[in-house]
Amino acid sequence: MTRNIIIEAMNQTPIEQQQIELVERKCLGHPDSIADGIAESVSRALCNMYIEQCGGVLHHNTDQGEIVAGESHPAFGGGKIVKPIFILLTGRATKSFEGTALPADVTAIGAAKDYLQAILPELNLEKELIVDCRLGTGSTDLRDVFKPDSGAIRRANDTSFGVSYAPFSETENCIQAISSYIDSTLRPKYPAYGQDIKIMGIRNGDEINFTLCCAMVDKYISSLDEYVDYRSKLVDEATKVAKDLTDRAVTVEVNTADCDSECSLFLTVTGTSAEMGDDGSVGRGNRANGLITPHRPMSMEATSGKNPINHIGKIYNVLSHELAHACVKNVDGIEEIEIRLLSQIGTPIDKPLVASARIIPRDPASFTSIQKDVHGIIDAGLVDIASVTERIIQGKAQTF
């Protein structure tokens, strides 16, 4: 079967030349990202448990989790949690195989706690967290599709699509870089910066403004003056990161809702607003490329937690992101590319109903050459689609 791959030129103004661009990222400690991270961690843990005990990945989808906020009394020098965060794990999992019971619920709860311990080290899992697992079981026909001996190329579970684009704009690159810098460099030096950070970027022409909402951890801050100093330092550090990536004018503002005179501050005990009023849901945050981009094509699918074997809402969103960036990296002359992969339920996942690429070439005269090379990259990516599943299970593919 010949793959239906369509490459066309796109008559559109590149994002960098548009007047307004909005970009958002919810970092790891944001309640929506916590929900995504738990869902994906549970899915990966189930995959590995199934492989170990059954020889292959069995049917599951864990993309329905919820974070219900607790209550806290933060205070300079250290406050307290007065009501624990509640986490509900829902979805579907295979709980028996060939007459043998499988520890799906235990595996899910363990994975959720391990993930939370890794990203929220200030959270006391024994006293400040409740995890309830309500995983159901899938229908018999769905479970049969996942038998370890049922073949390498699976059939699509739904008629759905995945979409992505490349390259990232300067604004998008700045937001990714600021997020990474805080996690990898700033927080290890200054643990007062919590994990719950939202970064909103707006580019208006050649001026970029970044608004950061950053939870501060109370026990590392002794006074209002010290809090203000930390806030100012984050402005300076984020500005430096952004200015290394753009020549445009950059401004950074942090915790703009603070009212210093009334001591209304983004102060937390554990580094996340999930401790004090903010709930979270799987799929309500970042797309598979780690960003929320209203000026770019996006899928509304919750990528995290879906099974990596035949769930198009996961596989095609991850693959379209990888293919778009591979095209920009390996094919000269692409200003922008958008890739959309559409499945048809019941058909092999390596043969989508259509694989569509829309390209803005730097030189329209080079489009024919670009078209051929992009076709080859997309076709090769679909041939090798099983490797997407492997990378997801290994935790090497980004889903939020």
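## Second largest cavity

In this predicted model, the lining of the second largest cavity is made up of nine nonpolar residues, three polar residues and one charged residue. The space within the second largest cavity amounts to about 70 Å³. Its lining comprises 13 residues, and Ile38, Ala39, Thr62, Gly65 and Leu89 are the closest to the centre.

Three elements each give two or more residues to this lining: helix H1 (31-54), strand E4 (66-68) and strand E7 (85-89). H1 supplies the largest share, with four residues.

## Largest cavity

Across the whole structure, the search finds four cavities of 30 Å³ or more. The largest cavity holds about 110 Å³ of space. Its lining consists of 14 residues, and those nearest the centre are Val163, Arg287, Ala288, Asn289 and Ser299.

Divided by class, the lining of the largest cavity contains seven polar, five nonpolar and two charged residues. Strand E12 (161-166) and helix H6 (312-330) each contribute at least two residues to the lining of this cavity. E12 accounts for the largest share, namely three residues.

## The four-stranded sheet

E12 also belongs to an open sheet of four strands, arranged in the order E1-E19-E18-E12 with mixed pairing. Strand E1 (5-9) and E12 occupy the edges and have a single partner strand each, so each leaves one side without a neighbour in the sheet. On average, and with direction ignored, neighbouring strands of the sheet are turned by 15° against each other.

The pairing between E1 and strand E19 (residues 354-361) is parallel and extends over five bridges. Within this pair, Ile5 stands opposite Ala355 of E19.

## Helices packed on the sheet

Helix H6 packs on the sheet and touches both E12 and strand E18 (334-342). The direction of H6 makes about 25° with that of E12. H6 and E12 are thus in contact in the sheet packing, and each also supplies at least two residues of the lining of the largest cavity.

Helix H7 (residues 367-383) likewise packs on the sheet, where it touches E1, E18 and E19. The direction of H7 makes about 150° with that of E1. E18 is touched by H6 and also by H7.

Technical notes:
Residues numbered from 1 in each chain as written. Predicted model: local features only at pLDDT ≥ 70, side-chain atom pairs only at ≥ 80, totals over all residues. Heavy atoms only, no water. 1 Å grid on protein atoms, 1.4 Å probe; cavity = no way out; pocket = protein on both sides within 12 Å on 5 of 7 lines; lining within 4 Å. Points joined across faces, edges and corners; volume = space filled by probe spheres on them. Nonpolar A, V, L, I, M, F, W, Y, C, P; charged D, E, K, R; others polar. Pairing = 2+ DSSP bridges. Axes fitted to C-alpha atoms, helices over the stretch in contact; angles between N-to-C directions. Contact = heavy atoms within 4.5 Å.
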